[in-house]
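Reader: Please take me through this model with care, giving the cut-offs behind each term as it comes up.

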Amino acid sequence: MFALRLESFRPKNDFEQECLNIAKGFFTLYTDYPATTVFQHAMCANDDAEQEDEVIGMNKYISFIANANGWLYETLAESVNNEFNEYGTIEEPTIVKIFSGANITDCNLDFENRLFPLIGELCYLLNNH
């Protein structure tokens, strides 16, 4: 249904055109990687519970908010930033290849390299509209 909506949508102004372009980018990414999630290459540096308390997991910093203006946002952002200052490391998408003589499947970060710029474009568009 999403493909049909993209095909039938006719933008009336520049903002709608930009929205359509970003939506097409996300749809293309979904079409190329239908079973992939942003967390597929997320792994804590160490499974030790003590070490995990020192790592900002991707699930903690990848999120969306409805409004980035006002007292509530400022308080929430300050609270999150203060908590994140207590951590030593930030988790990022990572690929681990073990060379044990077995065939290594080709894996890469193409999905993430395409997803994060799209998210950045979407955030920019929403914050500047």
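Author: Helices (H or I, at least four residues) and strands (E, at least two) are DSSP runs, numbered from the N terminus. This is a predicted model, in which local features need pLDDT of at least 70 and side-chain atom pairs count only at pLDDT 80 or more, whereas totals for chains, interfaces and linings use all residues. Residues are numbered from 1 along each chain as its sequence is written, and side-chain values use heavy atoms, with hydrogens and water left out.

Reader: What pattern does the protein follow, read along the sequence?

Author: The protein has six helices and two strands. Read along the sequence, these elements follow the pattern α-α-α-β-α-α-β-α.

Reader: Which helix gives the most to the largest nonpolar core?

Author: A nonpolar core is a set of buried Ala, Val, Leu, Ile, Met, Phe, Trp, Tyr and Cys residues joined through side-chain atoms within 4.5 Å, where buried means under 20% relative accessible area, exposed over 50%, and partly exposed in between (1.4 Å probe, protein chains only). The largest such core has seven residues, namely Leu-29, Val-38, Met-58, Phe-111, Leu-115, Leu-118 and Ile-119. Four residues of this core come from the helix that gives the most, helix H6 (residues 110-127).

Reader: Which residues does Leu-115 touch, not counting residues up to four places away in sequence?

Author: Contact here means heavy atoms within 4.5 Å. Leu-115 belongs to the largest nonpolar core, and, with residues up to four places away in sequence not counted, the residues that Leu-115 touches are Phe-26, Leu-29 and Val-38.

Reader: How many residues apart are Asp-32 and Arg-114, the pair that links distant parts of the chain?

Author: A salt bridge is a side-chain nitrogen of Lys or Arg within 4 Å of a carboxyl oxygen of Asp or Glu, and the side chains of Asp-32 and Arg-114 meet in one, at 2.8 Å from N to O. Asp-32 lies in helix H2 (residues 14-32) and Arg-114 in helix H6, so the pair links parts of the chain that are distant, 82 residues apart.

Reader: Which residues do salt bridges that share partners join into one network?

Author: Arg-114 also forms a salt bridge with Asp-110, the closest N and O atoms being 3.5 Å apart. Because Arg-114 and Asp-110 are four residues apart in helix H6, they are separated by about one helical turn. The salt bridges that share partners thus join into one network Asp-32, Asp-110 and Arg-114.
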